[in-house]
Structures are given as structure tokens and as C-alpha cells.
Amino acid sequence: MISKDLFKKPNNRLEGEQDAAKAARQAAAWQCAECKANATRDAMTANDYACPRCGAYVSMTARQRVQWLTDEGSFREMDAELLPVDRLRFPEYAAKLEKAQKETGEPEGVLTGTAAIGGEPCALFVMNPMFIMGSMGAVVGEKITRLFECATKRRLPVVGYTVSGGARIQEGMFSLMQMAKTSGAVLRHGEAGLLYVVVLTHPTTGGVVASFAMEGDVILAEPKALIGFAGPRVIEQTMRQKLPAGFQRAEFLLDKGFVDRIVPRKDQKQELRLLLTMHRREANR
Ligand SMILES: [Zn+2]
């Protein structure tokens with residue numbers, strides 16, 4: 001009897017190498033969600049995390065943004081040991097946290113620390129859209145509060161990148177409390193004569209907008225970012241009226257005076273460096 005295996009190609013070393021090369025190619029491949037253009041991941045990241053063809057922005061994790069923004073090796077992370085607690089035993093929250101931690105490799109939804117941007121020292125926080133939609137739980141609020149307190153003590157300006165679905169419902173009142181707590185820390189930092197620059201990225205909503213996202217001395221935004229408290233559908237249903245075109249987009253908010261300037265990603269490092277330099281010179285006078 002003839003074995004079926006007889007007609008199988010024997011495994012050879014070259015074939016294994018080809019498979020490895022193919023897997024590496026696939027890992028390096030990237031496709032734009034907007035225009036479907038194919039490019040390598042490296043080409044996209046080298047283009048400041050924007051599609052090389054249509055320019056659409058790619059969502060960045062907090063760590064990717066820190067690495068992209070700050071001077072090499074300058075970031076000193078703070079409070080990385082703070083872990084979220086399922087205090088209310090909210091249904092499915094523990095599993096959700098575990099999943100988010102596994103998928104992102106991060107314990108929580110914000111990174112904080114000190115860094116340099118174009119040689120200018122600052123305290124920095126960057127929220128993570130991949131961690132339960134960048135929602136603000138007790139640890140996110142605590143880390144941001146501690147960052148402002150540390151910056152006040154060390155007389156450092158704060159640069160913050162927001163992206164958030166709002167307060168984290170699974171932490172109920174503990175989450176809402178963070179709005180007041182972070183706002184208090186931002187206020188004391190400002191009263192000490194220190195600069196806070198915030199960059200609003202897509203989307204920044206809910207309790208984060210109602211607190212530290214809108215409390216910057218200078219409020220920058222990425223183009224087309226959705227920025228608002230309640231979602232447009234909720235507002236339309238409550239007010240029973242149609243909202244204007246472009247409502248809650250960065251450009252609309254710039255027009256209404258809620259945002260100071262819209263800065264494309266490729267210009268942000270330069271813009272932040274300039275603001276930090278101007279402020280340092282002014283503070284030293
Ligand atoms: Zn594209």
C-alpha cells in the first residue's frame with residue numbers, strides 16, 4: 001500500500017527560511033484603514049504615525065507616543081506600580097482589566113513621568129486609547145494628580161496628551177471623583193506660575209473634557225479630533241434638534257475659542273519645544 005506521505009514534499013531548510021521571511025514581511029506590513037494603501041509599518045511610523053499616502057492618523061499607544069515625542073532616553077516613568085482595583089465588584093470589570101492589561105502590556109491607561117522635548121525638561125502624561133478606551137479610573141486620576149504635584153514641587157511645566165472615552169463607569173463615583181482631584185492639582189500648579197500645555201487627540205470626551213483636558217494654559221488639538229462632553233447622538237436626542245456640521249471636531253472648537261491652535265502631528269514636537277522654551281525664558285526673567 002502506498003502511503004499518502006509519499007507525495008508530500010519533503011521539508012527542507014530553505015522552505016522553513018522562506019516561511020520565516022514571509023512571516024516577517026507580514027508582521028512589517030501595514031494597511032491604512034482610510035484609503036487601504038499598503039505600506040510597511042516602518043514607513044508609517046517614520047511619517048509620524050500617519051498614512052504615507054492619504055495622511056490619515058494612526059492611533060498611537062501611550063508608550064509609542066512617549067517614544068515618538070520625547071528625546072531619546074529622557075523619559076523617567078513615575079508611579080508605574082499603581083494598579084487598578086475593582087472596588088465596586090462591577091460585573092465583568094475584573095476580566096476587562098485583565099484583558100486590557102494583557103493586550104497593552106500596561107497596568108493602566110496613562111503613562112506619567114519626566115522627560116525632555118527638544119532639550120526642554122517637562123513633566124509628561126500620555127493617555128492610552130487602547131486601555132479600556134482611555135477611560136479615567138481612580139489610578140489614571142491619581143497618576144495625573146501626582147504628576148502635577150511633582151511638577152509643582154520641582155517647578156516643571158506639564159505637557160499632557162489626552163485621549164479618552166471619559167470617566168470609567170466600572171469605577172462609578174471613584175472615577176467621577178478624579179475630575180475634582182485632578183482639577184485641584186492643575187489649579188495649584190497654575191497658581192505656582194507654571195505652564196500646562198495640553199494636546200487633545202481623537203477622541204477626548206466625557207469626564208476628561210470636563211476636567212484636566214480643558215484646563216490647559218495652552219490648549220492644542222490634533223486635526224479632526226472629536227472633542228466633547230456627551231456624544232452627538234445623546235445631545236440630539238436630549239435637545240431634539242439637529243447639530244451643525246463638524247460639531248465637536250477640533251476645527252469647530254477652534255472657531256468657537258475652546259482650542260487655541262490645531263497642530264498637525266508632524267509639527268507637534270517643534271511647537272511644544274517652542275512653547276516650553278518661551279515659558280522657561282519668561283520664568284527666568
Ligand atoms: Zn491612507
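Good morning. I begin in the middle of the sheet, where strand S7 and strand S8, residues 218–221, pair in the parallel sense over 4 bridges. Within that pairing, Val199 stands opposite Leu220 in S8. Please keep in mind throughout that this is a predicted model.

Let us stay with S7 and look at its other partners. Strand S6, which covers residues 158–164, pairs with S7 over 6 bridges, again in the parallel sense. One position to find on the screen is Thr162, whose bridge partner in S7 is Leu200. Between these two strands the chain passes through helix H6, residues 172–191, and this β-α-β crossover is right-handed. S7 is also joined by 2 bridges to strand S9, residues 227–228, and the two run parallel. There, Thr204 has Ile227 in S9 as its bridge partner.

Is S7 largely enclosed or open? Of its 10 residues, numbered 196–205, 9 are buried, so the strand is largely enclosed by the rest of the structure. As a general point for reading any strand, side chains in a regular strand alternate between the two faces of the sheet.

I turn now to the helix of that crossover. H6 has 20 residues, and at 1.5 Å a residue they should span 28 Å; the end C-alpha atoms are 30 Å apart, which agrees. Which residues of H6 are buried? They are Ser175, Gln178, Met179, Thr182, Ala185, Val186 and His189. To read such a list, recall that an α-helix has 3.6 residues a turn, so residues three or four places apart point the same way. What do the buried residues of H6 pack against? Their partners are helix H5 (138–154), S6, S7 and helix H7 (206–209). Just after H6 comes Gly193, which takes a positive phi of about 80°.

Next, the other side of S6. Strand S5 is joined to S6 by 4 bridges, and these strands run parallel. In this pairing Leu124 stands opposite Val159 in S6. Here too there is a helix to follow, for S5, H5 and S6 make a right-handed β-α-β unit. S5 spans residues 120–127, and 7 of its 8 residues are buried, so it is largely enclosed by the rest of the structure.

With its other neighbour, S5 pairs in a contrasting way. Strand S4, residues 110–117, and S5 pair in the antiparallel sense over 8 bridges. Ala115 has Cys122 as its bridge partner in S5. The two strands form a hairpin with 2 residues between them, and Gly118 in the turn has a positive phi of about 55°.

Let me now step back to the whole chain. It has 10 helices and 10 strands. Of its 285 residues, 36% count as buried. Its C-alpha atoms fill a box of roughly 90 × 45 × 45 Å along the principal axes. Among contacts between residues at least 6 apart in sequence, 65% join residues at least 24 apart.

Finally, the domains. The assignment gives domain 1 as residues 14–58 and domain 2 as residues 59–284. Their C-alpha centres lie 28 Å apart. How many residues of each domain are in contact with the other? The contact involves 5 residues of domain 1 and 6 residues of domain 2. By class, the side of domain 1 that touches domain 2 has 4 nonpolar, no polar and 1 charged residues.

Thank you for your attention.

Methods: Residues are numbered from 1 along each chain as its sequence is written. This is a predicted model: local features need pLDDT of at least 70, side-chain atom pairs count only at pLDDT 80 or more; totals for chains, interfaces and linings use all residues. A residue is buried if 20 or more other C-beta atoms lie within 10 Å of its own, exposed if 12 or fewer, and partly exposed in between; C-beta atoms are placed from the backbone. Two strands pair if DSSP finds at least two bridges between them. A crossover is right-handed if, with the strands pointing away from the viewer, the path from the first strand over the helix to the second runs clockwise. The expected span of a helix is 1.5 Å times one less than its number of residues. Two residues are in contact if their C-beta atoms, placed from the backbone, lie within 7 Å. Domain bounds come from an automatic or database domain assignment. Ala, Val, Leu, Ile, Met, Phe, Trp, Tyr, Cys and Pro count as nonpolar, Asp, Glu, Lys and Arg as charged, and the others, Gly among them, as polar.
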